[in-house]
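Please open the model in your viewer and keep the sequence panel beside it, since each stop on this tour begins with a selection to make. The stops go from the overall fold to pairs of helices and then to single residues.

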Amino acid sequence: MLLFGMVVVVGGILLLRLHAFLALLLGAFLVAFLTSPETIETHALRIGLSAEAAFRLSQEAVGGRVAEGFGRTVGQIGIMIAMASIIGMSLLESGAADRIVRRTVYWIGEKRAPLGLMVTAFFLGIPVFFDTVFYLMIPLGKALHLRTGRHYLYYILTIVAGGTMAHSLVPPTPGPLFVAGELGVDLGLMIIAGTIIGLCCSASGYLFAGWADRRWDIPLRETGAEMEKLLKFSRREDAELPPLWASVLPILLPVFLISLLTVWDSAGTPPAWLVAVGDKNIALSLAAAI
């Protein structure tokens with residue numbers, strides 16, 4: 001049943017080009033249709049429901065079960081996903097993400113630009129969906145290639161190495177958020193551990209990118225119009241962008257507050273103000289407001 005559900009989800013996205021939400025919903029309906037009432041009743045008894053409640057659940061219509069599961073998931077992570085989406089979009093529209101990218105590359109230096117791209121992609125991948133990070137940073141990678149005349153594959157692969165790991169392992173990206181909720185893992189602990197593991201994995205990707213760049217010469221293929229757009233992007237004035245402190249604050253603040261609550265809670269009783277602002281929904285809402 002899980003295999004059928006995965007085929008529907010992956011096939012729906014890759015072959016039919018469905019939005020991920022629709023593909024996941026179709027997969028959920030398929031699995032719900034294939035699951036027998038006896039299996040549902042056995043599971044309900046195993047997790048502690050009474051015999052009467054377990055029987056009622058097993059007789060519930062497929063649509064009701066899927067809707068209830070969807071509602072439960074939204075109740076756990078819905079506000080956080082909405083706030084993280086606002087933060088990500090604001091970083092893009094305001095130019096804050098562009099400021100972070102440029103400053104990181106400036107500090108590290110053009111010779112170490114691939115490392116700067118990896119670190120920046122990882123940093124931005126915490127509040128911003130990976131596909132958005134990728135589309136944001138690809139023009140910068142191409143612009144760097146035009147300036148240096150080499151390392152195109154190096155630039156692109158380091159962007160991928162940084163962005164995918166943060167997207168996979170560090171909340172408030174929806175995937176890690178959901179995993180933390182389902183497994184009962186403290187969100188602050190998930191952020192700290194996900195960051196450590198994610199940076200190790202990104203470092204492996206960085207090393208592979210360097211190895212691949214030395215072996216495969218992948219050229220930049222762009223039309224004249226696209227090339228003009230890239231040059232315009234790379235020449236945008238710094239004065240048009242927000243200051244660095246304002247650019248990084250919406251990313252650092254929720255990570256700091258949630259992690260601080262976790263550390264304080266493990267050492268003793270945290271103060272009431274920290275319990276309030278360290279709550280994942282409040283922390284991300286504050287960041288979205290900023």
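What follows is a walk through a predicted model, with a selection to make at each stop.

**The whole chain**

Begin with everything shown as a cartoon: the protein has 15 helices and zero strands, and its C-alpha trace spans about 70 × 50 × 30 Å along the principal axes. If you colour by accessibility, buried residues make up 39% of the 290 residues in the protein. Among contacts between residues at least 6 apart in sequence, 69% join residues at least 24 apart.

**Helices H7 and H9**

Next select residues 113-124, which form helix H7, together with residues 152-169, which form helix H9; the two pack at an angle of about 25 degrees, with their axes 7 Å apart. Because angles under 35 degrees count as roughly parallel, H7 is described as roughly parallel to H9. The crossing of this pair, H7 and H9, is right-handed.

Now show side chains at the contact: on H7 select Ala113, Pro114, Leu117, Met118, Ala121 and Phe122, and on H9 select Tyr154, Tyr155, Thr158, Ile159, Gly162, Gly163, Met165 and Ala166. Sorted by class, the residues where H7 meets H9 comprise 11 nonpolar, three polar and no charged.

**Thr173, after H9**

Move along the chain to Thr173, which sits in the loop that runs between H9 and helix H10 (174-183). Is this residue, Thr173, buried or exposed? With a relative accessible area of 3%, Thr173 is buried, since the cut-off for that class is under 20%. Leaving aside neighbours within four places in sequence, Thr173 is in contact with Gly125, Ile126, Ala166 and His167. Of these partners, Gly125 deserves a distance label, as its backbone oxygen lies 3.1 Å from a polar atom of the Thr173 side chain. Ala166 should already be selected from the previous stop, where it belongs to the H9 side of the contact with H7.

**Helices H5 and H10**

Keep H10 in view and add residues 62-94, helix H5; this second pair packs at an angle of about 145 degrees, with axes 10 Å apart, and the crossing of H5 and H10 is right-handed. To see the contact itself, select Thr73, Gln76, Ile77, Met80 and Ile81 in H5, which meet Pro174, Leu177, Phe178 and Glu182 in H10. By class, the contact of H5 with H10 has six nonpolar, two polar and one charged residues.

**Ser247 in H13**

Select residues 244-267, helix H13, and centre on Ser247 within it. At 0% relative accessibility Ser247 counts as buried, and it is in contact with Leu91, Ala96, Arg99, Ile100 and Pro242 once neighbours within four places in sequence are set aside. A polar atom of the Ser247 side chain lies 2.9 Å from the backbone oxygen of Pro243.

**Two residues with positive phi**

Most residues other than glycine have a negative phi, so the next two selections are worth checking on a Ramachandran plot. The first of them, Arg17, has a phi near 60 degrees and is placed in the loop between helix H1 (2-14) and helix H2. At 67% relative accessibility, Arg17 counts as exposed.

The second, His151, has a positive phi of about 65 degrees although it is not a glycine, and it is found in the loop between helix H8 (130-148) and H9. At 26% relative accessibility, His151 counts as partly exposed.

**From His151 to Trp216**

With His151 still selected, add Trp216: the two C-alpha atoms are separated by 9.9 Å, although the residues are 65 apart along the chain. Trp216 is in the loop between helix H11 (187-215) and helix H12 (224-234), and it is partly exposed, with a relative accessible area of 42%. Which residues does Trp216 contact, leaving aside its neighbours within four places in sequence? They are Leu153, Phe208 and Trp211.

**Ala28 and Gly5**

For the last stop, select residues 20-34, helix H2, in which Ala28 is found. Ala28 counts as partly exposed, at 32% relative accessibility. Add Gly5 and draw the distance between the C-alpha atoms: Ala28 and Gly5 are 23 residues apart along the chain, and these atoms are separated by 6.9 Å.

How values were computed. Residues numbered from 1 in each chain as written. Predicted model: local features only at pLDDT ≥ 70, side-chain atom pairs only at ≥ 80, totals over all residues. Heavy atoms only, no water. Axes fitted to C-alpha atoms, helices over the stretch in contact; angles between N-to-C directions. Helix = DSSP H or I, 4+ residues; strand = E, 2+ residues; numbered from the N terminus. Parallel < 35°, antiparallel > 145°, perpendicular 65-115°, else oblique. Left-handed = near helix turned anticlockwise from the far one by under 90°. Contact = heavy atoms within 4.5 Å. Nonpolar A, V, L, I, M, F, W, Y, C, P; charged D, E, K, R; others polar. Buried < 20%, exposed > 50% of the residue type's maximum accessible area, 1.4 Å probe, protein only. Polar contact = N/O pair within 3.5 Å; in protein donor to acceptor, adjacent residues only side chain to side chain.
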